[in-house]
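Please work through the following exercises with the sequence and the model open side by side. Each task is followed by a solution that proceeds in steps.

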Amino acid sequence: MFDKPRVGLAGDPDSSWRLVADVGGTNARFALADDYGALQGQDTLRCEDFDGLAEAARHYLSNHNVGSIRAAAVAVATAVYEDHVAFTNSPWSFSIRELGRQLGVKNFHVINDFTALALSIPRLDREWLVPITDDGRATPDAPRAVIGPGTGLGVSGVFRFDGRWRALDSEGGHVTLAPADAREVELLGILTRQFDHVSAERVLSGPGLVNLYKANCELDGVTAEELEPSDITERGLAGECDICVKVLDDFCAMLGTATGNLVLTLGARGGAYIGGGIAPRLRSFLATSRFRERFEAHGRLSEYLADVPCYIVTAQYPALEGALASLDNL
């Protein structure tokens, strides 16, 4: 992509690109930030094609003819609290210090992927933030809740502090999932027999769609087929399978409850923002589902939630923007 090494804006020969990455359980997304902070060369690699993150990053840099980088930030789909980072939904793992050495950078920053997504929210154009319904009105500069079902379930929040937007490092996708009605008690009872701990991620994720499908089949006395999350989504949206329609309805309802819980926990009057790969596909379904009803259904705090808007994040690479923001905040 780039034919010759970068030279800084002031002619500094040591100036070079900053590398940003968003690494999940399935894909590793990369981009390069120029001297103006604009992202270029966005590319997506399949994690299964590489032995680890170092190999994927080197492949990306080689493909774009970049010999050196002056800083890097990587958003990862797992908790980051020590030097060793192991992915929750991938066999990849790495040492932060060692990976920085392998990439040849001292300024190397690793953050949770939903911390990065949260940091991107204030930077995204309004066109990439689509209201699920017309309900609610955001309070300017108030905290914002971020949640997103994909390969796993990411949870974070972003808030103003000392003139900058700061994000929370959170593993809220692994909180215990609570039922909100009698039918959900039965569904989660079925899942409890399968898992030692039924977290929100066990339901509100791609694999969670499969878990919900099998639980619904058992509840209705129907033999479950071997379906992928995409099969369930497609059949449910097309109305071709009654069980799959129920699954999508359950999914949206439970997502509404979880999102409302997060807004209350963070005091997120600035709105709730739903990222991940699943919500954009369910955009129309979410608007007419029980999502908003369940989002607001929190007893004495229902009116509080009625004033809070909910958006779907439709930007293609939001966590890359957030990773860059994390470098800017250092």
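**Exercise 1.** Classify the residues that line the second largest pocket as nonpolar, polar or charged, and state which helix gives the most to this lining.

*Solution.* The lining of the second largest pocket has ten nonpolar, five polar and two charged residues, where Ala, Val, Leu, Ile, Met, Phe, Trp, Tyr, Cys and Pro count as nonpolar, Asp, Glu, Lys and Arg as charged, and the others, Gly among them, as polar. Of these 17 lining residues, Gly172, Val175, Ala258, Asn261 and Leu262 lie nearest the centre of the pocket. Helix 7 gives the most, with six residues, and strand 10 also supplies at least two; helices (H or I, at least four residues) and strands (E, at least two) are DSSP runs, numbered from the N terminus. The volume is about 300 Å³.

The model is a predicted one, in which local features need pLDDT of at least 70 and side-chain atom pairs count only at pLDDT 80 or more, while totals for chains, interfaces and linings use all residues. Residues are numbered from 1 along each chain as its sequence is written, and side-chain values use heavy atoms, with hydrogens and water left out.

**Exercise 2.** Describe the lining of the largest pocket and that of the largest cavity.

*Solution.* On a 1 Å grid over the protein atoms alone, a cavity is a set of points where a 1.4 Å probe fits but cannot get out, and a pocket is an open set with protein on both sides within 12 Å along at least five of seven lines; lining residues have an atom within 4 Å of a point. Grid points are joined across faces, edges and corners, and a volume is the space filled by probe spheres set on the points.

Begin with the largest pocket, whose volume is about 1,100 Å³. Among its 48 lining residues, Arg29, Gly150, Thr151, Gly276 and Gly277 are the closest to its centre. The lining divides into 16 nonpolar, 25 polar and seven charged residues.

Turn next to the cavity: a search of the whole structure finds one of 30 Å³ or more. Its lining consists of Leu19, Ala21, Phe30, Leu53, Ala57, Val74, Leu99 and Leu103, which divide into eight nonpolar, no polar and no charged.

**Exercise 3.** Which ring arrangement, stacked or tilted, does the pair Phe291 and Phe295 show?

*Solution.* Rings of Phe, Tyr and Trp (its six-membered ring) pair if their centres lie within 6.5 Å; planes under 30 degrees apart count as stacked, over 60 as edge-to-face and the rest as tilted. The structure holds five aromatic pairs. Phe291 and Phe295 have ring centres 6.2 Å apart and planes at 15°, so this pair is stacked. The two residues are four apart in helix 9 (residues 291–296), and therefore about one helical turn separates them. Phe291 has a relative accessible area of 0% and is buried (under 20%, with exposed over 50% and partly exposed in between, for a 1.4 Å probe and protein chains only), and Phe295, at 0%, is buried as well.

**Exercise 4.** Where does Asp162 lie, and what is its phi?

*Solution.* Asp162 is placed in the loop between strand 10 (153–161) and strand 11 (164–167). Its phi is near 55°, a positive value in a residue other than glycine. Most residues other than glycine have a negative phi. With a relative accessible area of 69%, Asp162 is exposed.
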